Amino acid sequence: MLDWETLCQTCLECTRCGLCETRNHVVFGVGCREADVMLVGEGPGEQEDRQGIPFVGPAGKLLDDMLAIIDLDRNTNCYIANIVKCRPPRNRDPLETEQDACIGYLRSQAALVRPKIIVCLGRIAAQRLIDENFRITRQHGQWMEKNGVWMTAIYHPSALLRDVTKRPETFDDLLSIREKIKELGAQV
């Protein structure tokens, strides 16, 4: 297993897929590296690629607001990463080959963080981490334990910006996350 510094440097130098050719920045991850809660999105968007930080811009602001509801903060008590570390062109879904090229980095991040809870942000992350047949509209907020880690998925903040009718369901999902944090005695 790599240490944080080596893992980050390896990511920064990665050329495993074509996304490296168009990136401005590798978007490695942000937050507390010993957090009990880890959030995983699909990949960086335009703002993230410019700044090298996951979930900035309007979707990031909404995510920060969502985290505040359950006493989480990206800088102090959770860790945020993505399936792929480089922006897919035009913010398209990352291809399976791109995910395959990057998934080892995410697994190493999770192994270093050792979270009790992983929250998948959106369909792509849920299909990659929970179940390839995961249906976000039907299964969001449901819990499963995998390798000693509790996992759930909620709507991606970008989806909530496009469709505000999903926000009440997401609020309920956030409350469920807060309850799971308490149940597991996770530190927040």
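**View 1. Surroundings of E48 in helix α2 of the predicted model.** Helix α2 comprises residues 46-51, and E48 is one of them. The side chain of E48 is buried without forming a salt bridge. R87 is the nearest side chain of opposite charge, at a distance of 7.0 Å; a salt bridge would require the charged atoms to lie within 4 Å. A polar atom of the E48 side chain does, however, lie 3.0 Å from the backbone nitrogen of V56. Apart from neighbours within four places in sequence, the residues in contact with E48 are V27, I53, P54, F55 and V56.

**View 2. The largest nonpolar core, with L39.** This core has 57 residues, and L39 and L129 are those with the most contacts inside it. Helix α4, which spans residues 96-113, gives the most to the core, namely 7 residues. When neighbours within four places in sequence are left aside, L39 is in contact with L63, L67, C78, Y79, I80, A81, V119 and L121.

**View 3. I80 in strand β3.** I80 counts as buried because its relative accessible area is 0%, under the limit of 20%. Not counting residues up to four places away in sequence, I80 touches G29, V30, L39, P54, F55, L63, L67 and R74. L39, shown in the preceding view, is thus among the residues that I80 touches, and P54 and F55 are in contact with E48 as well. Along the chain, I80 and R178 are 98 residues apart, and their C-alpha atoms are separated by 17 Å.

**View 4. Helix α1 and its buried residues.** Helix α1 runs over residues 4-12, and its buried residues are W4, L7 and C11. These three lie on the same side of α1 because they cover an arc of only 70° around the axis. In an α-helix there are 3.6 residues a turn, so residues three or four places apart point the same way. The buried residues of α1 pack against β3 (79-82) and α4. At the N-terminal end of α1, D3 acts as a cap, with a side-chain oxygen 3.0 Å from the backbone nitrogen of E5.

**View 5. R138 in helix α6.** Helix α6 covers residues 136-139, and R138 has its place there. R138 is classed as exposed because its relative accessible area is 63%, over the limit of 50%. From C-alpha to C-alpha, R138 and I177 are 17 Å apart in space, with their positions 39 residues apart in sequence.

Conventions: Residues are numbered from 1 along each chain as its sequence is written. This is a predicted model: local features need pLDDT of at least 70, side-chain atom pairs count only at pLDDT 80 or more; totals for chains, interfaces and linings use all residues. Side-chain values use heavy atoms; hydrogens and water are left out. Helices (H or I, at least four residues) and strands (E, at least two) are DSSP runs, numbered from the N terminus. Buried means under 20% relative accessible area, exposed over 50%, partly exposed in between (1.4 Å probe, protein chains only). Lys and Arg count as positive and Asp and Glu as negative; His and the chain ends are not counted. A polar contact is a pair of N or O atoms within 3.5 Å; within protein, one must be able to donate a hydrogen and the other to accept it, and residues adjacent in sequence count only if both atoms are side-chain atoms. Contact means heavy atoms within 4.5 Å. A nonpolar core is a set of buried Ala, Val, Leu, Ile, Met, Phe, Trp, Tyr and Cys residues joined through side-chain atoms within 4.5 Å. The arc is that of the directions from the helix axis to the C-beta atoms.
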